[in-house]
Amino acid sequence: MRPSCSCLLIIWSLLCSSLYFSFVCRADPTDGFTPVPVTEANIELQKPYDVHLKERYSFVNGTHRMWVYADDKPHDPNSFTQPRTEIRIKGLDYSSGVWQFEGYGFVPNGTSRATVKQIHGAAHHSSTIILRIYDGNMRYYSGNLIATDMYDKCFRLNLIHDVDGRRVSVFINGEEKFSTNDRGPGDFYFKCGVYAAPRSISYYMESRWRDIKIYKK
């Protein structure tokens, strides 16, 4: 018998807890940062406009599970963007300083060409950075390879944006994997979930996130 979704989420939560404790003795990307409180009021869900939230999102045992289909509608009837089910961190927008997102993510096998994390906002673009899954590998937009073999594994993601230094850095499981210039000044905010890429997307896309934290310095 196949385990229920709730059972799988509990197992994944335990794996994420084990992953957390494996890093407590190592230099941490959050060192020197101050935590910023994140409450339910800061979690805004975006989903296809013509379906109920429970049809594309669940929150069980501290885990945000988000999924979407390739033929879903956009998040707004006036939008021409691709389908998404995403968490938008609201009320913590920023335009200067050094900010950091931390969360424990999970992408199931089969999800491909889907954005699972982004910083929205830039001088002449809609985003500063996009982390996208291609056949189990994580890439910067559709280009630079950041990490491989990401399917069905809990991973800790830390994304640091130094606005004044115009730099973004990606840490996977406490290790810096990628760093690049940002895309200019703007009003920024963090998002995570699944947002379909323009072409050749898998029909079903899903990601899960827990222990979402925001830091600044």
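**Charges, rings and cores in a predicted model**

Lys153 is partly exposed, with a relative accessible area of 39%, and the model in which this residue is seen is a predicted one. The side chain of Lys153 meets that of Asp149 in a salt bridge, with 2.6 Å from N to O, and Asp149 too counts as partly exposed, at 48% relative accessibility. Because a relative accessible area between 20% and 50% is what counts as partly exposed, the values of 39% for Lys153 and 48% for Asp149 place both residues in that class. Elsewhere, salt bridges with shared partners join Asp28, Glu102 and Arg156 into one network. In the whole model, the count of salt bridges comes to 12.

Another of these bridges links Asp93 to Arg88, where the closest N and O atoms are 2.9 Å apart. Here the two partners fall into separate accessibility classes, since Asp93 is partly exposed at a relative accessible area of 39%, whereas Arg88 is buried at 13%.

Within the network already named, the side chains of Glu102 and Arg156 form a salt bridge of 2.5 Å, N to O. Glu102 belongs to strand S6 (residues 98-106) and Arg156 to strand S11 (residues 155-162), so this pair ties together parts that are 54 residues apart in sequence. Both Glu102 and Arg156 are buried.

What angle lies between the ring planes of Tyr94 and Phe190, and how far apart are their centres? The model holds 10 aromatic pairs, and in this one the rings are tilted, with 35° between the planes and 5.5 Å from centre to centre. Tyr94 lies in the loop between strand S5 (84-89) and S6, while Phe190 lies in strand S14 (residues 189-196), so that the pair ties together parts that are 96 residues apart in sequence. Tyr94 and Phe190 are both buried, and ring pairs link these two with Trp99, Phe101, Phe155, Phe188 and Trp209 into a cluster.

Aromatic rings also meet charged groups in this model. The charged end of Arg65 sits over the ring of Trp67, at 4.2 Å from its centre, and Arg84 lies over the face of Tyr195, with 4.2 Å to the ring centre.

From the rings the path leads to the nonpolar interior. In soluble globular proteins, nonpolar side chains tend to be buried together. The largest nonpolar core of this model has 42 residues, of which Phe101, Met138, Val170 and Trp209 touch the most other members; Phe101 and Trp209 also belong to the aromatic cluster described above. When neighbours within four places in sequence are left aside, Val170 is in contact with Ile129, Leu131, Ile146, Leu157, Asn158, Leu159, Glu175, Glu176, Lys177 and Phe178. Apart from the largest core lies another, of 5 residues, among them Phe33, Val98, Phe171 and Tyr215.

Which strand pairs with S12 (residues 167-172), and in which sense? The partner of strand S12 is strand S13 (residues 175-181), and the two pair in the antiparallel sense over 6 bridges. Across this pairing Phe171, one of the residues of the 5-residue core, stands opposite Glu176 in S13. The hairpin of S12 and S13 has 2 residues between the strands, and in it Asn173 takes a positive phi near 55°.

Conventions:
Residues are numbered from 1 along each chain as its sequence is written. This is a predicted model: local features need pLDDT of at least 70, side-chain atom pairs count only at pLDDT 80 or more; totals for chains, interfaces and linings use all residues. Side-chain values use heavy atoms; hydrogens and water are left out. A salt bridge is a side-chain nitrogen of Lys or Arg within 4 Å of a carboxyl oxygen of Asp or Glu. Buried means under 20% relative accessible area, exposed over 50%, partly exposed in between (1.4 Å probe, protein chains only). Helices (H or I, at least four residues) and strands (E, at least two) are DSSP runs, numbered from the N terminus. Rings of Phe, Tyr and Trp (its six-membered ring) pair if their centres lie within 6.5 Å; planes under 30 degrees apart count as stacked, over 60 as edge-to-face and the rest as tilted. A charge sits over a ring if NZ of Lys or CZ of Arg is within 6 Å of the ring centre and within 35 degrees of the ring normal. A nonpolar core is a set of buried Ala, Val, Leu, Ile, Met, Phe, Trp, Tyr and Cys residues joined through side-chain atoms within 4.5 Å. Contact means heavy atoms within 4.5 Å. Two strands pair if DSSP finds at least two bridges between them.
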